[in-house]
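Work through the exercises below with the sequence and the model side by side. Each task is followed by a solution in steps.

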Amino acid sequence: MNAHEIDYQIFGEEMQYVELELDPQEAVIAEAGNFMMMDSGIRMDTIFGDGSKQNEGFLGKVLGAGKRLLTGESLFMTIFSNEVQGKKKISFASPYPGKVIPIDLTRFNGKFICQKDAFLCAAKGVSIGIEFSKKLGRGFFGGEGFIMQKVEGDGMAFVHAGGTMAKKELQPGEKLKVDTGCIIGFTQTVDYDIEFVGGIRNTLFGGEGLFFATLTGPGTVYIQSLPFSRLASRIHQAAPQQGGKDKGEGSILGGIGDVLSGDNRF
């Protein structure tokens with residue numbers, strides 16, 4: 001497996017995007033909806049799966065695409081190829097506030113495991129597959145279910161995280177407890193399991209769920225400070241409900257403050 005070698009640069013702080021530089025005949029693959037902008041001369045094609053099995057016939061393409069259904073993704077991906085002479089640039093953006101993380105698969109023995117919606121884009125030749133959990137507890141209570149994504153190959157891949165990213169290098173036997181939604185991904189040498197929070201008060205009133213994710217080294221772990229599910233939940237709670245009023249959050253005047261500011265939704 002020989003992925004295309006691509007140069008890149010990441011721009012921004014809290015709303016990042018990655019710019020990839022393609023030599024002639026080089027290409028990248030991306031999830032639908034992540035494209036931002038590109039130079040003229042780059043051709044866009046929609047393909048089954050990730051394109052890593054394009055030479056294995058129709059059955060290979062169908063199997064590659066079918067795996068994506070299990071992770072909740074589309075059957076199709078988009079490939080962007082530089083079809084002209086000279087270098088061309090293309091950019092992909094994170095779908096929500098956070099960080100873009102470059103993953104050099106050659107540094108991780110050709111495999112990186114991540115949550116199902118973390119993948120952003122990668123060099124052509126990188127395989128985007130599925131990773132099944134072999135532990136029932138992790139499957140039922142781990143937040144990501146039985147299936148996670150795995151990125152395999154010898155090229156560059158890019159994943160995105162919500163909020164701020166933390167990178168942890170775990171030593172052999174070292175254990176890290178994490179909120180199940182805060183995991184971005186980890187190397188294949190890391191053991192991933194779940195652990196009961198414990199204690200009646202913690203369970204009933206702690207508000208942090210019933211389980212921690214436990215990550216045991218050796219290996220590299222990436223953690224996000226703001227999972228999209230947490231962001232969406234807070235937005236839903238703060239949004240005015242049908243037939244009701246908002247909370248007047250941020251003002252002691254509440255609804256009166258809304259009237260004074262010109263907001264007459266009551």
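**Exercise 1.** How many salt bridges does the count come to?

Solution. The model is a predicted one. The cut-off to apply is a side-chain nitrogen of Lys or Arg within 4 Å of a carboxyl oxygen of Asp or Glu. By this rule there are nine salt bridges.

**Exercise 2.** Determine which parts of the chain the salt bridge between Lys-89 and Glu-19 ties together, and assign the burial of each partner.

Solution. Step one is the contact: the side chains of Lys-89 and Glu-19 meet at 3.7 Å, N to O. Step two is the location: Lys-89 belongs to strand S7 (residues 88-93) and Glu-19 to strand S2 (residues 17-22), so the bridge ties together parts that are 70 residues apart in sequence. Step three is accessibility, where buried means under 20% relative accessible area. Glu-19 has 16% and is buried, whereas Lys-89, with 37%, is partly exposed.

**Exercise 3.** Treat the salt bridge of Lys-111 and Glu-131 in the same way.

Solution. The N to O distance for Lys-111 and Glu-131 is 3.1 Å. Lys-111 lies in strand S9 (residues 111-114) and Glu-131 in strand S11 (residues 127-132), so parts that are 20 residues apart in sequence are tied together. Lys-111 is buried at 14% relative accessibility, and Glu-131 is buried at 14%.

**Exercise 4.** Classify Asp-45 and Arg-43 as buried, partly exposed or exposed.

Solution. The two side chains form a salt bridge of 2.9 Å, N to O. Asp-45 has a relative accessible area of 26% and is partly exposed. Arg-43, at 45%, is also partly exposed.

**Exercise 5.** Which residues are linked with Asp-23 in a network of salt bridges?

Solution. Glu-21 and Lys-87 join Asp-23 in this network.

**Exercise 6.** How many aromatic pairs does a search of the whole structure find, and of what kind are the pairs Phe-11 with Tyr-17 and Phe-112 with Tyr-222?

Solution. The search finds seven aromatic pairs. For Phe-11 and Tyr-17 the centres are 5.1 Å apart and the planes are at 20 degrees, so this pair is stacked. Phe-11 is partly exposed, at 26% relative accessibility. For Phe-112 and Tyr-222 the values are 5.8 Å centre to centre and 70 degrees between the planes, an edge-to-face pair. Phe-112 lies in strand S9 and Tyr-222 in strand S19 (residues 219-224), so the pair ties together parts that are 110 residues apart in sequence. Both Phe-112 and Tyr-222 are buried.

**Exercise 7.** Which residues do ring pairs link into a cluster?

Solution. The cluster consists of Phe-35, Phe-80 and Phe-92.

Methods:
Residues are numbered from 1 along each chain as its sequence is written. This is a predicted model: local features need pLDDT of at least 70, side-chain atom pairs count only at pLDDT 80 or more; totals for chains, interfaces and linings use all residues. Side-chain values use heavy atoms; hydrogens and water are left out. Helices (H or I, at least four residues) and strands (E, at least two) are DSSP runs, numbered from the N terminus. Buried means under 20% relative accessible area, exposed over 50%, partly exposed in between (1.4 Å probe, protein chains only). Rings of Phe, Tyr and Trp (its six-membered ring) pair if their centres lie within 6.5 Å; planes under 30 degrees apart count as stacked, over 60 as edge-to-face and the rest as tilted.
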